[in-house]
Amino acid sequence: MISLSGLNDKQREAAETVEGPVLILAGAGSGKTRTITYRIAHMVDNLGIKGDSILGVSFTNKAAKEMRERVVTLLGAKKSRKIALLTFHSLGVRILKKEIDKLGYHLNFSIYDQSDQLAIVREALKLYHAEKKFDQKDVQSKISYLKNAGISENDFADSPHFNPEDPYSHATEYAYRYYQEKLKFYNAIDFDDILFLTLRLFRENPDIARAYSEKYQFIMVDEYQDTNALQFELIRHLTVTHNNLCVVGDDDQSIYGFRGADISNILEFEKTFPEAKVVKLEENYRSVSSILDLANNVIKENKKRRDKTLWSQKKSDHTPLLWAMGDTDHEAEVIVEDIVRHQGKGGHLGDIAILYRSNTQAPPIEDQLRMSQVPYTIIGGQKFYDKKEVKDLMSYLFVIMNPSDQMAIRRILNIPHRGIGNATLEKYLAKSQEDNIPLFDALEKYPAIDPQRSAGIIKFVDLIRKFKKVFEMHTLSQSISTLIEEIDYLNFIDKQYDNAKQVERRRNDVMHFIESAERFTNYYKENANLKNFCERLLLQDSQDKEEMDEEHDGDVRKNEVTLMTLHSSKGLEFKNVYMIGIEEETLPHKKTISQGEDISEERRLCYVGITRAQEKLVMTYCKQRKLFGKETPRFVSRFLNTLAADNLFIEQDRTTFGHMSEEEATDYKKSFFSNLLGNLKDD
Ligand code: ATP
Ligand code: MG
């Protein structure tokens, strides 16, 4: 029996109401996720509900993992195993893997990432003779936006997003059609398709939606404020046979407006389910009250919000700090110094997070951490599969699994060198077009289009055919090792780079790839097939090996500092949090300011960051920052307004302060405050 005594009355009520719609609307750290996890444990342990009829959805892999860990802590690994705790995307892939043939794709589809997407858009614009006129990246993000809005290539022209007067709209329409057609021809989908196609599947096949709804009898969605209309519709389909849906969210933490999520989803929920039980929580169990006071004062200035004030019983003599730094190097030095001090006092590094608005802020911090030999992990930086070597190897896996995957073939046809240049490739592409057959079939059918190149072509085709069998007969990790040996890939790396360090790094990436395949094989055993592995690699959002370790149920945090964006920190908590670059044009971001947009989403982002901290919060900003090679003066963020300043202890040039004369120090403080206030005037 799981005792619900770890919940307060309102949380318990929400956990015990397992039937019908429930909406938990509450501030940060008030125990929303905890309520969900106890609710799941209660269902399984106390009510005897089967684990595989429970679905919990979260937004990032990290948050889904955290949810799993908490459930495992309550139920143990064995009972938790069958419970589906997924992100929207992994849920989508799970469904498409079984059903995508109903949409005319083969079940062994590939998933394309942004570089593949851009390559196809580039082709389309070229054919449209507009490659110079329009930016491929713009067009690609427009397509992505349309998919997230649920608008297909056929609906686009009739949608309000289409402007018949605007040549850009026409180019995008052409590119969108071309793009979808090609993807289908290559038997590939992109990230946005994962949800877009799942929804199309449900819309066109209500019986399939019903079957999934019958499978998942109890559904919970964490971070509900960030679902967009598409995701809500998906959830609606999954609940058609029952209304056992519990969603939890906080309007103050809605930070994905740019992807079409907004508060209206919460309102929509209440409209769809007027009978829903609504639970509000106000006590925060995460942070000490001084941190919460600051958070409350920062978020207060947003006009459109449901008024609520969080409070906490946790008292402490810590006042959140604001450090004014000279520049980004200085910022990095001082923070890492502080971390080393923490470490010296026996502190755990897993308790520390460094948060920033955008990934470009990370490198100076990373350098400094490396120099001081402080272990760290970076979430969502360069993705593991974005590394060239990993991508090469994955392309092999994709081609072996799905020979129609043209983009992957194009990538590896001449890696390692087989003497097949671009000119030859072009001929085969033309042939594939002419005969309307996949590129691989063209290679197979016409090995001698270029007689001098035919040895290379035959070698490639044979290799892929051979490995199709190898992967069927041997384990995943064995097959991958054999493949790497057979193509002599490590030797290829050695020849590719003269720099010994580079060679080592890249060889390491390959080793890391092999290790992750091993871990995957050991954990999933007979289910560790090529398809599942490729999908896992693509859906994880971190380069870090830790993500692959998530199979180790109930893992404790490693002794490493965590670096990540404010966006990816949502839902997580750390004892000590550093928020860097709290300055105008960084947070709020320049883009938002310059487009004259509403900055309230940026303010919520700041609020999300502050509310991650349990015991200690340090914010920093730089007085100068190098932009386009030029030192540029910067000002503290408008979010740290007068109200907030009352909750902050401000320190100027932390490391150099001690060396100043008193007079200099006073001057500094004066200039700091005038700077702060001057800045507030235009808010
Ligand atoms: P966020 O909005 O940031 O996602 P949340 O509302 O999901 O926050 P949780 O992460 O569930 O909040 O809880 C915050 C912290 O407070 C966790 O460490 C959790 O274990 C603790 N907590 C929540 N409720 C209680 C309670 N009733 N008793 C003791 N601890 C609690
Ligand atoms: Mg949460």
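## A tour from helix α6 to ligand 1

Start by selecting H129: this residue comes after helix α6 and has a positive phi, near 55 degrees. This is a predicted model, where local features need pLDDT of at least 70, side-chain atom pairs count only at pLDDT 80 or more, and totals for chains, interfaces and linings use all residues. To find your way, residues are numbered from 1 along each chain as its sequence is written, while chains are lettered from A and ligands numbered from 1 in the order in which they are written.

Now select α6 itself, residues 114–127. Helices here are DSSP runs of H or I with at least four residues, and strands are E runs of at least two, numbered from the N terminus. The end C-alpha atoms of α6 are 20 Å apart, which agrees with the 20 Å expected for 14 residues at 1.5 Å a residue (1.5 Å times one less than the number of residues).

Which residues of α6 are buried? Colour D116, Q117, I120, V121, A124 and L125; buried means 20 or more other C-beta atoms, placed from the backbone, within 10 Å of a residue's own.

Next, jump to β15 (624–627) and β16 (630–633), which run antiparallel and are joined by four bridges. Click Q624 and you'll find its bridge partner, P633, in β16. Between the strands sit two residues, and F628 has a positive phi near 50 degrees.

Last stop: ligand 1. It is surrounded by 19 residues, with G31, K32, T33, R34 and Y285 the closest (C-beta atom, placed from the backbone, within 6 Å). Helix α2 (32–46) gives the most to this shell, three residues.

Conventions
A residue is buried if 20 or more other C-beta atoms lie within 10 Å of its own, exposed if 12 or fewer, and partly exposed in between; C-beta atoms are placed from the backbone. Two strands pair if DSSP finds at least two bridges between them.
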